[in-house]
Amino acid sequence: MEEKEKKSAAEHSRQKVQKRTLIYILVAIGFAVAVVLSFALAGRWSTIFGWVGLGHFSQTAKDAPFSLHVLDVGKADAMVVSCQDKTIVIDGGTTDGGDTLTTYLQQMDVSQIDLVINTHPDNDHLQGLKQVGEHFTVNQMIVPDLPQDLLPSTDEYLSTMEVYQEKDVPIKQAVSNETVWLDELKIEFLAPLQFYDTMNNNSVVVKLTYGDTSFLMMGDAEKEEEQDLINSGANLQADVIKIGHHGSKTSTTQEFLNAVQPDMAVISVGPDKNELPKSEVLQRLEASNVKTYRTDSSGTVIFMSDGADIAVATEQ
């Protein structure tokens, strides 16, 4: 009897060791999978959360009366403005950016877009708007008034515009110094103030004002267009500035920063042979005490306003 008890205790001990070993193995496998996923899916955890019902990052601002979403679409521009029940899209990135943008809008439960603004028809601002036009009802589109010799004739441009034309979306050229309202959201079209010889300097520059908070969207405007804006006497002051031309040294002069006096800046940027944003731009922002966010390091950036204060959420 005593021998049986010893064998039973030994068997019980062996089973405990086996269970403990199995647990260790499972924990190790789980850790390894987590590490692999953390590299393979860096910046995509919010999407994974959405798959398992924990909510997408875009829902962060669902209770904010105003929000500006600067999407992580590489070295390109794609932004969503949500103000109460109104939605604006400013630029659409490349074709890949358009996929990101349309998915993001769907995750925001957007079905109708009140206004699409294309700051200028460079591919990294235009191409993704094709998918937007294909997937959503768009009430109006605003484009820059370009000199004839700068009007694109590329397949990308023509096919994108064809989507909006076939859907009978009203397409209007931006008029400088024009102000429109979407309920409580003030939209000012500040530039271009003249025809320039580069596409970037013909960017539509838009200032959004909600309550006492304001946001300046610079497209790819460079120092020549910035200087004309200063000379125009327009009120350029804004709490947040979307930096022009992805942080290139051609834009964001110190004089322009002095005129805008932003508290925060955001740069739409990604890996690129030009190694943007340039250090001199970052140094100017830092010297001006501007808190700067970058989509290449922060992922999508959301600015949320209640009309008095601005809160910021970053995806990473």
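**Exercise 1. An aspartate with an unusual phi**

Find D91: in which strand does it lie, and is it buried or exposed?

*Solution.*
- Step 1: place the residue. D91 is part of strand β3, where a strand is a DSSP run of E with at least two residues, a helix is an H or I run of at least four, and both are numbered from the N terminus.
- Step 2: know what you're looking at. This is a predicted model, in which local features need pLDDT of at least 70, side-chain atom pairs count only at pLDDT 80 or more, and totals for chains, interfaces and linings use all residues. Residues are numbered from 1 along each chain as its sequence is written, and side-chain values use heavy atoms, leaving out hydrogens and water.
- Step 3: check the backbone. D91 has a phi near 65°, which is positive although the residue isn't a glycine.
- Step 4: check the surroundings. The relative accessible area of D91 is 0%, so it's buried (under 20%; exposed is over 50%, partly exposed in between, with a 1.4 Å probe and protein chains only).

**Exercise 2. The strand next door**

How many residues of β2 are buried, and which strands pair with β2?

*Solution.*
- Step 1: count. 6 of the 6 residues of β2 are buried, so the rest of the structure largely encloses this strand.
- Step 2: split them by face. A78, V80 and S82 are on one side, M79, V81 and C83 are on the other, and all of them are buried.
- Step 3: look for partners (pairing takes at least two DSSP bridges between two strands). β1 runs antiparallel to β2 and is joined to it by 5 bridges, with F66 opposite C83. β3 is antiparallel to β2 too, through 6 bridges; here V81 has I88 as its bridge partner.
- Step 4: follow the chain from β2 into β3. The two strands make a hairpin with 2 residues between them. Q84 sits in that turn with a positive phi of about 55°. Its relative accessibility is 39%, so Q84 counts as partly exposed.

**Exercise 3. Rings that meet across the chain**

Which residues do ring pairs link into a cluster, and why does the F66–Y210 pair count as stacked?

*Solution.*
- Step 1: take stock. There are 3 aromatic pairs (Phe, Tyr or six-membered Trp rings with centres within 6.5 Å; planes under 30 degrees apart are stacked, over 60 edge-to-face, the rest tilted).
- Step 2: do the geometry. The ring centres of F66 and Y210 lie 5.8 Å apart, with the planes at 15°, so that pair is stacked.
- Step 3: trace it along the sequence. F66 belongs to β1 (66–70) and Y210 to β11 (205–210), so to speak two distant parts of the chain, 144 residues apart.
- Step 4: check burial. F66 is buried at 0% relative accessible area, and Y210 is buried at 7%.
- Step 5: add the remaining member. Ring pairs link F66, Y210 and F215 into a cluster.

**Exercise 4. Walking across the open sheet**

What is the strand order of the open sheet with 7 strands, and which strands are at its edges?

*Solution.*
- Step 1: read off the order. The strands go β9-β10-β11-β12-β13-β14-β15, with mixed pairing.
- Step 2: find the edges. β9 (178–182) and β15 (291–294) each pair on one side only.
- Step 3: zoom in on β9. It runs antiparallel to β10 (residues 185–191), and 5 bridges join the two. W181 stands opposite K186 of β10.
- Step 4: leave β10. The peptide bond between A191 and P192 is cis, with omega about 10°, and P192 lies in the loop between β10 and β11.
- Step 5: look for another cis bond. L276 and P277 are joined by one, with omega about -5°; P277 is in the loop between β14 (264–267) and α9 (279–287).

**Exercise 5. The nonpolar core**

Which element supplies the largest share of the largest nonpolar core, and what does Y164 touch?

*Solution.*
- Step 1: find the hubs. The largest core has 31 residues, and those touching the most other members are L101, L105, I113, V116, V132, M141 and Y164 (a core is a set of buried Ala, Val, Leu, Ile, Met, Phe, Trp, Tyr and Cys joined through side-chain atoms within 4.5 Å).
- Step 2: list the suppliers. Elements giving at least two residues each include α3 (95–107), α5 (129–135) and α6 (155–166). The largest share, 4 residues, comes from α6.
- Step 3: inspect Y164. Setting aside neighbours within four places in sequence, its contacts (heavy atoms within 4.5 Å) include V116, V132, M141 and I171.
- Step 4: don't miss the second core. It's separate, has 28 residues, and includes M79, L115, A174 and F303.
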